[in-house]
Amino acid sequence: MDGVNLTYGSEPDILFEKNGEYVVTIEVKGGKDPAGALERLGAVQKSFEETPVQCHNFLIAGVVTPEMKKRLNRLSGTKVFLLDDLLSDSGWDRFVEEVFHQALRII
């Protein structure tokens with residue numbers, strides 16, 4: 001993939017690097033219990049705070065509460081996709097377009 005490396009890990013869950021630099025990170029927090037949403041958000045924030053400014057950060061979330069949405073809006077450069085939306089063809093296509101075409105620019 002034109003010098004792009006893909007790594008699966010724990011923080012971030014998915015990392016794309018190009019020439020040793022973070023290009024895209026993806027965090028997956030699939031829990032659907034709204035009571036735990038802010039706790040999951042804390043883990044996401046911790047992971048994304050460690051990425052360089054030019055890195056594109058994506059969150060795949062099981063649920064986004066109104067308070068979580070407010071806090072996510074403060075995380076610059078973070079795009080959010082709902083897990084249920086990715087299960088549809090159009091949602092998956094939007095995600096793939098955003099990650100591989102817009103952020104990585106490899107398709």
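The following dialogue explains how to read the strands, helices and backbone details of a predicted model.

Visitor: Which conventions apply to this model?

Guide: This is a predicted model, in which local features need pLDDT of at least 70 and side-chain atom pairs count only at pLDDT 80 or more, while totals for chains, interfaces and linings use all residues. Residues are numbered from 1 along each chain as its sequence is written, and side-chain values use heavy atoms, with hydrogens and water left out.

Visitor: In what order do the strands of the sheet stand?

Guide: Helices (H or I, at least four residues) and strands (E, at least two) are DSSP runs, numbered from the N terminus. Two strands pair if DSSP finds at least two bridges between them. Here, five strands form an open sheet in the order E1-E2-E3-E4-E5, with mixed pairing. Strand E1 (4-8) and E5 are the edge strands, each pairing on one side only. On average, neighbouring strands are turned by 15° against each other, direction ignored; such angles run from 0 to 180 degrees between N-to-C directions, and the axes are lines fitted to C-alpha atoms, for helices over the stretch in contact.

Visitor: In which sense do E2 and E3 pair, parallel or antiparallel?

Guide: E2 and E3 are antiparallel and share five bridges; Phe16 stands opposite Val24 in E3. Six bridges join E3 to E4, and these two strands run parallel. Thr25 has Asn57 in E4 as its bridge partner. From E3 the chain passes through H1 to E4 in a right-handed β-α-β crossover. A crossover is called right-handed if, with the strands pointing away from the viewer, the path from the first strand over the helix to the second runs clockwise.

Visitor: How many bridges connect E4 and E5?

Guide: Strand E4 (residues 56-61) and strand E5 (residues 78-82) pair in the parallel sense over five bridges. The chain reaches E5 from E4 through helix H2 (residues 66-73), and this β-α-β crossover is also right-handed. Ile60 has Phe81 in E5 as its bridge partner, and Ala61 stands opposite Leu82 in E5.

Visitor: How do H1 and H2 pack?

Guide: Angles under 35 degrees count as roughly parallel, over 145 as roughly antiparallel, 65 to 115 as roughly perpendicular and the rest as oblique. Helix H1 (residues 37-49) and H2 pack at an angle of about 15°, with their axes 9 Å apart; they are therefore roughly parallel to each other. In contact (heavy atoms within 4.5 Å), Ala37, Leu38 and Leu41 in H1 meet Glu67, Met68, Arg71 and Leu72 in H2. The residues of this contact comprise five nonpolar, no polar and two charged. Ala, Val, Leu, Ile, Met, Phe, Trp, Tyr, Cys and Pro count as nonpolar, Asp, Glu, Lys and Arg as charged, and the others, Gly among them, as polar.

Visitor: Which residues does a cis peptide bond join, and where does Asn19 lie?

Guide: Most residues other than glycine have a negative phi, and most peptide bonds are trans. In this model, a cis peptide bond joins Glu11 and Pro12, with omega about -5°. Pro12 is found in the loop between E1 and strand E2 (14-18). Asn19 lies in the loop between E2 and strand E3 (21-29). In the hairpin of these strands, which has two residues between them, Asn19 takes a positive phi near 55°.
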